[in-house]
Amino acid sequence: FEGVRVARQDVGGAIDGDTVEVEVWPGRRGRDEGRVVRIAQRGRVRVTGVLEGPPWRLELDDARLHGPAEVADPGAARAGQVVLARIVRYPGRPASALGVAVTQVLGEPGNLLTEVAKVLAAQGVRETFPGAVEREVAALPAEIRAADLIDRVDLRDRAFVTIDPLTARDFDDAVALEEMGDLTRVWIAVADVSHYVAEGSAVDREACRRGCSLYLPDRAVPMLPEALSSGICSLGPERDRLAMVVRLDVTGGGEVQGSECMAALVHSRGRLDYGGVAAALDGDFRGRRAGYRDHVDQLSALNRVAQALRRRRLERGSLDLDLAEARVLLDEDDPQRVRDVLATRGDAPVKRAYNLIEELMIAANEAVAAIFEA
């Protein structure tokens, strides 16, 4: 389905994001054309922009919306400020103006904090959790209880480590390895959030609404409250934690000859970062990386397994997506100024460290999928 071309005069009162019913006919150049005959559902309830006036109007940030919007009530906002506004009147005909009422002043244009607030407000992201979520979390245990260990495999004797970006705020996965003759046994652990978050609970509903954690230049908006994401569900070092674990038995050629999933109890022996792992794999243990000597043998073996898994995966025709993540570096003296934007995996050694974890996670997911498919 190639889509339908709707001319400006045939949009009716619809705006970007609306769900509409369209009357369609064959176009003159082989592409269907149409007109909006009914708006089934409005997709937007709020907009952001710079307030101007009087007479009050809002220069909209989103170029997909025809502006400016007419401001019914500017509230306490001043001309020139960036504001969040609620739509109080939708267009009645093509290109007619929206009617809005200002609900929140976000700040001055060009300010980093203003731009972050604009994104959060426009997308309906709230940084605080509802009271029902906070009450549920307050009732959760801060430490593991005896009842939590029922039907769990004790893997605390395995040397699990976490490998994350240096700036990571929570640690939701860990890996460990043991040699078994011709095979290498790899353990991939993921924090067992489901043990603490019941399906249909207030925490579960809010997590579904958020979908994921958001990482912004100056802060993070977590999917789960901090008591979970950075507390009882974080696989930080030197703490017993509940996890769901996949065990893989891998040949030197990267073939998985056996796998098993289990609920387990794990204990991380180290909080490692990608840069440190990259340096350790190259034999660099200077400064703060001296502690990586304790882990280098396991890291080297994990890297060997990951590379073997990668070669076999690519031979099967798997896609290889090498997408760097951007990290915004703020000025230390003025956190509202952006000093630089860096790629998180710029050089080959760091990419190798990222790939180590990625390949193990892909293999673990494939193993889980195979179990469900059987």
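**Figure 1. Val24 pairs up with Gly34 of strand 3.** In this sheet, Val24 stands opposite Gly34. Strand 2 and strand 3 (residues 33–41) run antiparallel to each other and share seven bridges. (Strands are DSSP runs of E, at least two residues long, and helices are DSSP runs of H or I, at least four residues long; both are numbered from the N terminus. Two strands pair if DSSP finds at least two bridges between them.) This is a predicted model: local features need pLDDT of at least 70, side-chain atom pairs count only at pLDDT 80 or more, and totals for chains, interfaces and linings use all residues. Residues are numbered from 1 along each chain as its sequence is written, and side-chain values use heavy atoms, with hydrogens and water left out.

**Figure 2. An open sheet of three strands.** Which order do the strands take in this open sheet? The order is 1-3-2, and the pairing is mixed. Strand 1 (5–6) and strand 2 (19–25) are the edge strands. Each of these two pairs on one side only.

**Figure 3. A closed barrel of five strands.** Follow the barrel in the order 4-5-6-8-7. Its pairing is mixed. On average, neighbouring strands are turned by 55° against each other, direction ignored. (Axes are lines fitted to C-alpha atoms, for helices over the stretch in contact; angles run from 0 to 180 degrees between N-to-C directions.) Strand 4 and strand 5 run antiparallel, joined by four bridges. Look for Glu52 here: its bridge partner in strand 5 is Arg57.

**Figure 4. Helix 1 lies across strands of the barrel.** Helix 1 covers residues 112–122. This helix lies across strand 4, strand 7 (82–89) and strand 8 (99–107). Helix 1 runs at about 140° to strand 8.

**Figure 5. Two cis peptide bonds in one loop view.** Start at the loop between strand 4 (46–52) and strand 5 (57–60), where Pro54 sits. Pro55 is found in this loop too. The bond from Gly53 to Pro54 is cis, with omega near 0°. The bond joining Pro54 and Pro55 is also cis, with omega about -5°. Why look twice? Most peptide bonds are trans.

**Figure 6. Asp151 has a positive phi.** Is phi of Asp151 positive or negative? Phi is positive here, near 60°, and Asp151 is not a glycine. Most residues other than glycine have a negative phi. Find Asp151 in the loop between helix 2 and strand 9 (153–154).

**Figure 7. Helix 2 crosses helix 3.** Helix 2 spans residues 131–138 and helix 3 spans residues 202–210. Their axes come within 8 Å and cross at roughly 125°. That makes helix 2 oblique to helix 3. (Angles under 35 degrees count as roughly parallel, over 145 as roughly antiparallel, 65 to 115 as roughly perpendicular and the rest as oblique.) The crossing of these helices is left-handed. (Left-handed: the near helix is turned anticlockwise from the far one by less than a right angle; right-handed: clockwise.) Helix 2 makes the contact with Ala132, Val133, Glu136 and Val137, and helix 3 with Ala202, Val203 and Glu206. (Contact means heavy atoms within 4.5 Å.) Sorted by class, this contact has five nonpolar, two charged and no polar residues. (Ala, Val, Leu, Ile, Met, Phe, Trp, Tyr, Cys and Pro count as nonpolar, Asp, Glu, Lys and Arg as charged, the others, Gly among them, as polar.)

**Figure 8. Helix 5 meets helix 6.** The two axes come within 10 Å and cross at roughly 90°. That makes helix 5 roughly perpendicular to helix 6. From helix 5 come Val277, Ala280 and Leu281; they meet Val296, Leu299, Ser300 and Asn303 of helix 6. Five of the contact residues are nonpolar, two are polar and none is charged.

**Figure 9. Helix 6 crosses helix 7.** The axes come within 8 Å and cross at roughly 65°. This crossing is left-handed. Among the helix 6 residues in the contact are Leu299, Leu302 and Arg313. Helix 7 residues there include Arg352, Leu356 and Ala363. The contact has nine nonpolar, three polar and four charged residues.

**Figure 10. One aromatic pair in the structure.** The ring centres of Tyr274 and Tyr354 are 3.8 Å apart and their planes lie at 15°, so the pair is stacked. (Rings of Phe, Tyr and Trp, its six-membered ring, pair with centres within 6.5 Å; planes under 30 degrees apart count as stacked, over 60 as edge-to-face, the rest as tilted.) Tyr274 belongs to helix 5 (residues 274–281) and Tyr354 to helix 7 (residues 348–373). The pair links distant parts of the chain, 80 residues apart.
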